[in-house]
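Biologist: Got a minute to go through this one with me? I'd like to hear the reasoning behind the labels.

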Amino acid sequence: MSQEKQAEPFEQADGLPLMQDEYNLTNEQIGAYQRDGHIFLRGVASPDEIGVYEPIISRWVQALNYHDKPVHKRDTYGKAFIQITNLWQKSEAVKRFVFAKRFAKIAADLMGVDCVRIYHDQALFKEPGGGHTPWHQDQIYWPLDTDKTITMWMPLVPVSEEVGSMTFASGSHLKGYISKLEISDESHRTLRQYIDDKGFPIVSYGAMAAGDATFHAGWTLHSAPDNPTDTMREVMTIIYYADGAKVAEPDSNARRNDLQAWLPGCRPGGLAASPLNPVVYQK
C-alpha cells in the first residue's frame, strides 16, 4: 500500500490527548541513566492515552507493512520486526503523540540539555514468532556529531516476561563508537563477545505495561529477545538529540542514507536542523 495514504477521518488530531504535562524525574534516576546508558520508567503514558493512540498507530503499521514473506522466510533483520518510520509525517494524530512535550522533556532531562529535536520516530512491531533483535548500537546509523542522543521505547500493549524489554549492556555508551556493524547475525556474535570481554553488566527489565518506557543512549549496546507468543509486540519509539548538534561526516552507507532521509538539506559540519527535525522541547 502506498506510503502516501492519507489519514482517515477517525484519525483527526482534534481532541486527542496533548500529553504536555511533566513527568518529573529524580536526581537519582538521571544519575542512573547517565551512568548506565538506559533507564526504565513506569507510566510515562497513561492507560487512557495509550487507549486512544494505540489503535491509530497500529492501523498505520498494518497499512504500511512492507513484508511480503512469512516471518520464517525472512533474513535476521526482517524477522526482528515490522519497522515503519516517521509516522508523524503521515498522520496528524500520530504527530501529536510523537511531539508530546512530556516525552521530550524526559529525554532532555536525562541527557542534561535544555532543548531537544526529533531525529525520527519508528514503530517496531515484533510479530508472533518474530526473531530476536541482534546486539547493536543505534548511533552507527546516525550522522550526528554528538553523544547527546536518546531513544524512547514504549510498548503500546502489555509485554510479557517472556518477550520482555530490550536488553542493555550497562555502561557501554561510555565507550562511544564501538563498531560499524549494522544489525545482523555478525553484529550479534561480535558485539556479544565484546560485552563479555569488557564485563558490562547485562540488564533486562522484563515485563512492561502499555505506556511504560525505556530510554537509552545512542551508543548503548542493546538487543531484544524473540517473540514466542501469539500476540504482536507493539512498540513505538522516538529518537531525540540535543539542539545545536552538528552533522558528522558520514563514514558509511548507512550514515549517508540517514543523512539524506532524516536530515535533508543538511551538510557535514553544519547544524543538524532540517524541517524534519523540529524542536519539541525547550526549557
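**Labels and cut-offs**

Modeller: Let's start with lysine 105, which counts as buried at 12% relative accessibility. Keep in mind that this is a predicted model.

Biologist: Why is lysine 105 called buried?

Modeller: Buried means under 20% relative accessible area. Lysine 105 comes in at 12%, so it gets the label buried.

Biologist: And what makes lysine 105 and glutamate 22 a salt bridge?

Modeller: The cut-off is a Lys or Arg side-chain nitrogen within 4 Å of an Asp or Glu carboxyl oxygen. Here the closest N and O atoms are 3.9 Å apart, so the pair passes. The two are 83 residues apart in the chain: lysine 105 sits in helix 5 (residues 101-111), and glutamate 22 in the segment before helix 1 (27-36).

Biologist: Why does glutamate 22 count as partly exposed?

Modeller: Its value is 47%. Partly exposed lies between the buried limit of 20% and the exposed limit of 50%, so glutamate 22 falls in that middle class.

Biologist: How many salt bridges turn up in the whole structure?

Modeller: Eleven. Another one joins aspartate 212 and arginine 42, with the closest N and O atoms 4.0 Å apart. That pair links the loop between strand 7 (202-204) and strand 8, home of aspartate 212, to the loop between strand 1 and helix 2 (47-64), where arginine 42 lies, 170 residues apart.

Biologist: Which label does each partner get, buried or exposed?

Modeller: Aspartate 212 has 5% relative accessibility, so it counts as buried. Arginine 42 has 57%, and exposed means over 50%, so arginine 42 counts as exposed.

Biologist: How do you know that glutamate 127 and arginine 74 meet in a salt bridge?

Modeller: Their N to O distance is 2.6 Å, and the limit is 4 Å, so they qualify. Glutamate 127 belongs to the loop between strand 3 (115-126) and strand 4 (133-136), arginine 74 to the loop between helix 2 and helix 3 (76-80), 53 residues apart. Both glutamate 127 and arginine 74 are buried. There is also a network: Asp21, Glu49 and Arg102 are joined by salt bridges that share partners.

Biologist: On to the rings. Why is the pair of tryptophan 88 and phenylalanine 99 called tilted?

Modeller: Two values describe a ring pair: the distance of the centres and the angle of the planes. For tryptophan 88 and phenylalanine 99 these are 5.0 Å and 50 degrees. Centres must lie within 6.5 Å, stacked needs under 30 degrees and edge-to-face over 60, so this pair is tilted. It is one of nine aromatic pairs. Tryptophan 88 is buried, with 10%, while phenylalanine 99 is partly exposed, with 22%. There is an aromatic cluster as well, made of Phe40, Phe168 and Tyr205.

Biologist: Phe40 is in strand 1, right? What makes strand 1 (residues 38-41) covered on both faces?

Modeller: His38 and Phe40 on one side are buried, and so are Ile39 and Leu41 on the other.

Biologist: And what makes strand 1 and strand 8 (residues 213-217) a pair?

Modeller: Pairing takes at least two bridges. These antiparallel strands have four, so they count as paired. Isoleucine 39, for one, has phenylalanine 215 as its bridge partner.

Biologist: Which residues touch the most other members of the largest nonpolar core?

Modeller: Ile57, Leu87, Phe97, Phe103 and Tyr240, out of 52 residues. Contacts of phenylalanine 103 include Met19, Val44, Phe97, Phe215 and Tyr240. Another core, of 17 residues, lies apart, with Leu144 and Trp219 among them.

Note on methods: Residues are numbered from 1 along each chain as its sequence is written. This is a predicted model: local features need pLDDT of at least 70, side-chain atom pairs count only at pLDDT 80 or more; totals for chains, interfaces and linings use all residues. Side-chain values use heavy atoms; hydrogens and water are left out. Buried means under 20% relative accessible area, exposed over 50%, partly exposed in between (1.4 Å probe, protein chains only). A nonpolar core is a set of buried Ala, Val, Leu, Ile, Met, Phe, Trp, Tyr and Cys residues joined through side-chain atoms within 4.5 Å. Contact means heavy atoms within 4.5 Å. Rings of Phe, Tyr and Trp (its six-membered ring) pair if their centres lie within 6.5 Å; planes under 30 degrees apart count as stacked, over 60 as edge-to-face and the rest as tilted. Lists of a residue's contacts leave out its neighbours within four places in sequence.
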